[in-house]
Amino acid sequence: QVQLVESGGGLVQAGGSLRLSCVASGLTFRSFVMGWFRQAPGKEREFVAAISWSGGRTYYADSVQGRFTISRDNAKNTVYLQMNSLKPEDTAVYYCAADRKVNMANYAYWGRGTQVTVSS
């Protein structure tokens with residue numbers, strides 16, 4: 001059974017930083033592209049970032065480019081999202097996702113999410 005468990009969310013002031021983690025189990029981690037998505041209240045879920053199987057390629061939404069960094073540690077079955085210069089509009093539930101192909105929407109497996117709240 002595949003499980004993705006996010007952690008690291010919380011309340012932070014604008015301009016601050018958070019690092020999200022997602023630990024995967026039940027799959028061959030290095031064979032999966034990992035992504036981060038977010039959903040704010042009243043809005044649709046949106047792509048944030050993705051990283052290729054080996055970590056050699058990364059992809060970002062325009063809204064987070066230059067502020068967020070996605071990385072992975074295949075030895076620990078973990079993907080990270082370092083979020084810097086946070087803005088109130090970054091407030092959302094952040095979800096980790098896994099899929100065999102690089103894409104920005106359709107992922108096979110999803111975590112339950114972690115709340116990130118940025119105060120102004």
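In the predicted model examined here, strands β9 and β11 pair in the antiparallel sense over three bridges, and within this pairing Tyr94 has Thr114 of β11 as its bridge partner. Strand β9 also takes part in an antiparallel arrangement with β4, to which it is joined by seven bridges; here Met34 stands opposite Ala98 of β9. A further antiparallel pairing, made through two bridges, connects β9 to strand β10, which comprises residues 109-110, and in that pairing Trp110 of β10 is the bridge partner of Ala97. Seven of the eight residues of β9 are buried, so this strand is largely enclosed by the rest of the structure.

A separate set of pairings gives an open sheet of four strands, in the order β1-β3-β8-β7 and with antiparallel pairing. The edges of this sheet are formed by β1 (3-7) and β7, each of which pairs on one side only. On average, and with direction ignored, neighbouring strands of the sheet are turned by 15 degrees against each other. Within the sheet, β3 and β8 pair in the antiparallel sense over six bridges, and Val23 stands opposite Thr78 in β8.

The structure holds one disulfide, formed by Cys22 and Cys96, whose sulfur atoms are 2.1 Å apart. Because Cys22 lies in strand β3 and Cys96 in strand β9, the pair ties together parts that are 74 residues apart in sequence. The torsion about the S-S bond of Cys22 and Cys96 is about -75 degrees, so the disulfide is left-handed. Both Cys22 and Cys96 are buried.

In soluble globular proteins, nonpolar side chains tend to be buried together. In the present model, the largest nonpolar core contains 36 residues, of which Met34, Trp36, Val79, Leu81, Met83 and Tyr94 touch the most other members. Two or more residues are given to this core by each of the elements β3 (18-25), β4 (33-39), β5 (46-51), β7 (68-73), β8 (78-83), β9 (92-99) and β11 (114-119). The surroundings of Met34 can be described in detail: when its neighbours within four places in sequence are left aside, Met34 is in contact with Leu4, Phe29, Ala49, Ala50, Ile51, Ile70, Arg72, Val79, Cys96, Ala97, Ala98 and Tyr107. Among these contacts are Cys96, one of the two disulfide partners, and Ala98, which Met34 also faces across the pairing of β4 and β9.

Charged side chains were examined next. The count of salt bridges comes to three, and Arg38, Glu46, Arg67 and Asp90 are linked in a network of such interactions. Arg38 forms a salt bridge with Glu46, in which the closest N and O atoms are 2.6 Å apart. The two partners differ in their exposure, since Arg38 is buried, with a relative accessible area of 6%, whereas Glu46 is partly exposed, with a relative accessible area of 34%. The side chains of Arg38 and Asp90 meet in another salt bridge, with an N to O distance of 2.9 Å. Because Arg38 lies in strand β4 and Asp90 in the loop between β8 and β9, this pair ties together parts that are 52 residues apart in sequence. Asp90 counts as buried, at 1% relative accessibility.

Asp90 additionally forms a salt bridge with Arg67, the closest N and O atoms being 2.7 Å apart. This pair, too, links distant parts of the chain, with Asp90 in the loop between β8 and β9 and Arg67 in the loop between β6 and β7, 23 residues apart. Both Asp90 and Arg67 are buried. Asp90 thus has a salt bridge to Arg38 as well as one to Arg67, while Arg38 in turn is bridged to Glu46.

A polar residue in a loop was also considered. Ser52 is placed in the loop between β5 and β6 (58-60), and its relative accessible area of 5% falls under the limit of 20%, so Ser52 is buried. When residues up to four places away in sequence are not counted, Ser52 touches Val33, Arg57 and Arg72. Arg72 is also among the residues in contact with Met34.

Methods. Residues are numbered from 1 along each chain as its sequence is written. This is a predicted model: local features need pLDDT of at least 70, side-chain atom pairs count only at pLDDT 80 or more; totals for chains, interfaces and linings use all residues. Side-chain values use heavy atoms; hydrogens and water are left out. A nonpolar core is a set of buried Ala, Val, Leu, Ile, Met, Phe, Trp, Tyr and Cys residues joined through side-chain atoms within 4.5 Å. Buried means under 20% relative accessible area, exposed over 50%, partly exposed in between (1.4 Å probe, protein chains only). Contact means heavy atoms within 4.5 Å. Two strands pair if DSSP finds at least two bridges between them. Axes are lines fitted to C-alpha atoms, for helices over the stretch in contact, and angles run from 0 to 180 degrees between N-to-C directions. A salt bridge is a side-chain nitrogen of Lys or Arg within 4 Å of a carboxyl oxygen of Asp or Glu. A disulfide is a pair of cysteine sulfur atoms within 2.5 Å.
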